[in-house]
Each structure stands twice: as structure tokens, then as C-alpha cells.
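Let's take a walk through this protein together, from its core out to its loops. Have the sequence and the 3D view open as you read.

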Amino acid sequence: MTTLSDESIDPFHICIPQDELDDLHERLDRTRWPDELPGVGWAYGIPRDYLKELVRYWRHEYDWRAAEAALNAWPQFTTTIDGANIHFAHIRSPEPDATPLIMTHGWPGSIVEFTQVVGPLTDPRAHGGDPADAFHLVLPSIPGFGLSGPTRETGWEFQRVAAAFIELMERLGYRRYGVQGGDWGAGISREIGRIRPDRVIGVHLNLLPNSAAAQVPDAEELDTLPPHERERTLASWERFQEWSRDRQGYADIQATRPQTLAYGLTDSPVGQLAWIAEKFKEWTDSRDRPEDAVDRDMMLTNVMLYWLTGTAGSSARIYYERAHADYRGTAPEPSTTPTALADFPRDNFIPLRHIADRTNNIVQWTEYDRGGHFPAMEQPDLLVGDVRTFFRKLRDTDRE
């Protein structure tokens, strides 16, 4: 692992050359479509008719330049930490006493996920909220993902990312701050809180790693649980079995042969789109297509950040690095930092409080009746409210 760092922080502006957009359009026009079995819906993967319609929209109606301008409305920067280029948006609140908060995305997400929550979190006064609930937001791209990619060496698993983000907050001058995340961002955020409880006010998660029923529930243990937790435990085990049977394939590929996968996804924009859009259908609170849950243009902008940066492979490598890390298969180390979970019912796993309490200092646990894996896109108001409530509880305690 290299430890060399250039500590400068440089302004960054997204400006994709037109010839790259022209190349994308030409590739979309030349798509070679596979056959498809009739009447199978989403069971074998993303349906061809749906994907063709989505590709037509991407090619002829989606406006990257508008999306690019919207992203560039956020102040963005790059810095080198531990040998990796790290891109981040840094949106300071107009409220001078705002709480610093670093929010981290996962796979197959990006900072685009946070588009609808930035305004309410940084400027609650302008969105009908209490100005005391304001946050200074730091939105990094995980090393290897999008504008923080590709990485140039092995070893970028989530613990190393957490250490890099701690350094990022140091460089920005934030000595006390909150963390928030889902998916890989949840593991990274929890790790930041675990190793720096002196700096982290609280950890807010919308996914809690290692908290689902990953084995057959023990009958004796079930008998000790209250009825609600007992029902959740059985449902959690059922969801885990479904995941293992039908949904884990992408992770196994990315954890074992990310380089082989990268050739197809880096060469074919339709392949990259299909690989990501399928997850936006399966992991969200949607009915027939991803757009039931998330905005179509926002999903395509997220895909564009993978395509334009050629980071299908380097983003997948985080799965490989975790699968081959020394800590693989060991129990999570306990965290003492106050932690909140916002549980959205259509996420990939059903978390269990009695498991979470073993290694986490849970002080807020909220179960919602709608939403899935991408709550900042699906249910931004619920996520904003949950984040505000959690840090409001901690803020007064921290300032005593």
C-alpha cells in the first residue's frame, strides 16, 4: 500500500468532450441485441423490450449536458489520498453552525443519488425546515468509482476507503462530523465511526451490514424474541435465501473475476446500462420497471458516470478486495459510536435489531413502510427527516 499523498485540494469541473458523447451515440446505434425467451419477464434478467425502449430514450431524449450542468452547480474538488485520486462535492450550508456530514454512496450508485436531498439538508430554512438542522455536506466518490476512478493498485477495500475519507475530512478542517451511507457507503460509514469515535458525532445508515438472518433461525433464540422481532427474523431468513438463490450472481462475479466482466461493460454502453438498471429494478420499491421508484434521467446520469469514466471494472474491484481481505469471514468489530438505522422494506436484506445490538450502539431504529435500496432517490423526504431527527438528538448532547 502506498502512503504518498499530495495534500492539495483542487477545484474540479465536469466537462465531457463532445467526441465521447458522439462515440456513445454511435455505439448505441450499433447495438447487437441478443435473443430472449418469451414470457419470462425479469426472471432471467432485464427484459429486451424494456431495455430497447430505455436505450432509445438514452440515445434520443436524455440530455447529458443538462445533467452535467446540474452536477456542476455543486462545488467539486479532487485530492490525492493514499495514492488515489478522490473526487468529492462539498456543499456548505448558508447556516454557519451547520453540522458537517459526509454521505457515501455504494454500488451501483454515485453522488447522483443525493441530488434530491442536498437542498433540504444544507438549507432547511429554504425548504420549510428548522435552520438548526442544517448540514455542511461532503459527497465523495468512492475510489475506483466514477470521477474517483479508476484506482491504480490493489487493496482498495472498504476499510481503506474509510481511512481515506477520515483523512479527507481532516483536510477540510472538520474535527467533529457525522457520517451517512447505504450499501458500500454503509460499511464505510460504520467503519469511520468505529475507528474514530472521537471525531464522529453519529453514524446514520440506511443499510446495516451483517445484521440479517444468514442462517436458519434457532428455535430457542426465536422463543426469546418479542413477536415483532420473531416475525422479522423469519422474514429476514426467507429474504436471505431468496438473495442467495436468485440475486447474488453479480456480486460473485465482481468478487472473483472483475477484470473479465470489465471488458464487456467498458465496450458496450448497453451492457453497462443493463448491468446497473437491473439493480434499480430489483433493489427498489418498484413494480414493473425502475422508473416506478426512481427518476429515469437520474438513473441514466448515474449510469453515465460509470460509462464516461470507464470504471465498470475498477468499481467492481471493491467486491474482490473484500472477498480476499484477511478479515473476510470474521465477525464485525464492535462500534461504540451512536448509530441510527433507517430501514426501508424493499432493500436487499431485512435487518434484525437483536443482531445489530451485538456490535453497534443503536440509538435510533426506524422501520418505514415504503422505499428500497436507494432511499435518497426513492423517498428523499423520509431519509432527510430521519437524518435530521437522529442528529438533532445528538447535537445538543455533543455541544454540552
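Before we start, one term will help: a residue counts as buried when its relative accessible area is under 20%, as exposed when that area is over 50%, and as partly exposed in between. Please also keep in mind that this is a predicted model.

A good first example of the exposed class is Asn-210. With a relative accessible area of 58%, Asn-210 is exposed, because the cut-off for that class is over 50%. You will find Asn-210 in the loop between strand 7 (200–205) and helix 7 (219–224). Its backbone deserves a look too: phi of Asn-210 is near 60°, a positive value in a residue that is not glycine. As background, most residues other than glycine have a negative phi.

Asp-183 makes a nice partner for that example. Here phi is near 55°, again positive in a residue other than glycine. Asp-183 sits in the loop between strand 6 (177–181) and helix 6 (184–195). Is Asp-183 buried or exposed? Its relative accessible area is 15%, so Asp-183 is buried.

While we are among the loops, two peptide bonds are worth finding. Most peptide bonds are trans. The bond from Trp-107 to Pro-108, however, is cis, with omega near 5°, and Pro-108 belongs to the loop between strand 4 (99–104) and helix 4 (118–122). Gly-149 and Pro-150 are also joined by a cis peptide bond, where omega is about -5°. Pro-150 lies in the loop between strand 5 (135–140) and helix 5 (158–171).

Trp-107 also leads us inward. The largest nonpolar core has 110 residues, and Trp-107 is one of those with the most contacts inside it, along with Trp-58, Trp-64, Leu-139, Tyr-177, Ile-192 and Leu-273. Which helix gives the most to this core? Helix 12 (residues 296–309) does, with nine residues. To see how one of these well-connected residues is placed, pick Leu-273: leaving aside residues up to four places away in sequence, Leu-273 touches Leu-51, Leu-54, Val-55, Trp-58, Leu-300 and Val-303.

Helix 12 also holds Arg-296. At 15% relative accessibility, Arg-296 counts as buried. Beyond residues up to four places away in sequence, Arg-296 touches Glu-53, Leu-54, Tyr-57, Arg-289 and Glu-291. Ala-277 is 19 residues from Arg-296 along the chain, and the C-alpha atoms of the two are separated by 9.9 Å.

Trp-64, another member of the core list, takes us to helix 3 (residues 64–72), where the buried residues are Trp-64, Ala-67, Glu-68, Leu-71 and Asn-72. Why do these line one face of the helix? Seen down the axis of helix 3, its buried residues fall within an arc of 135°, so they share one face. The spacing fits a general rule: an α-helix has 3.6 residues a turn, so residues three or four places apart point the same way. Covering the buried residues of helix 3 are, among others, helix 1 (18–29), strand 2 (76–81) and helix 12. At the start of helix 3, a side-chain oxygen of Asp-63 comes to within 3.1 Å of the backbone nitrogen of Arg-65.

Now for the spaces in the model. The second largest pocket has a volume of about 1,000 Å³. Its lining is made of 41 residues, and those nearest its centre are Tyr-44, Gly-45, Ile-46, Ala-274 and Glu-278. Two or more lining residues come from each of helix 2 (48–60), helix 8 (227–247), helix 9 (249–256), helix 10 (258–267) and helix 11 (269–282). Helix 11 gives the most to this lining, with nine residues. In helix 9 you can also pick out Ala-251, which counts as buried at 12% relative accessibility.

Finally, turn to the enclosed spaces. How many cavities of 30 Å³ or more are there? The count comes to three. The largest cavity holds about 110 Å³ of space. Of the 17 residues that line the largest cavity, Glu-113, Phe-114, Gly-182, Asn-206 and His-373 are the closest to its centre. Strand 6 and helix 15 (375–378) each supply at least two residues of this lining.

Definitions and conventions:
Residues are numbered from 1 along each chain as its sequence is written. This is a predicted model: local features need pLDDT of at least 70, side-chain atom pairs count only at pLDDT 80 or more; totals for chains, interfaces and linings use all residues. Side-chain values use heavy atoms; hydrogens and water are left out. A nonpolar core is a set of buried Ala, Val, Leu, Ile, Met, Phe, Trp, Tyr and Cys residues joined through side-chain atoms within 4.5 Å. Buried means under 20% relative accessible area, exposed over 50%, partly exposed in between (1.4 Å probe, protein chains only). Helices (H or I, at least four residues) and strands (E, at least two) are DSSP runs, numbered from the N terminus. Contact means heavy atoms within 4.5 Å. The arc is that of the directions from the helix axis to the C-beta atoms. A polar contact is a pair of N or O atoms within 3.5 Å; within protein, one must be able to donate a hydrogen and the other to accept it, and residues adjacent in sequence count only if both atoms are side-chain atoms. On a 1 Å grid over the protein atoms alone, a cavity is a set of points where a 1.4 Å probe fits but cannot get out, and a pocket is an open set with protein on both sides within 12 Å along at least five of seven lines; lining residues have an atom within 4 Å of a point. Grid points are joined across faces, edges and corners, and a volume is the space filled by probe spheres set on the points.
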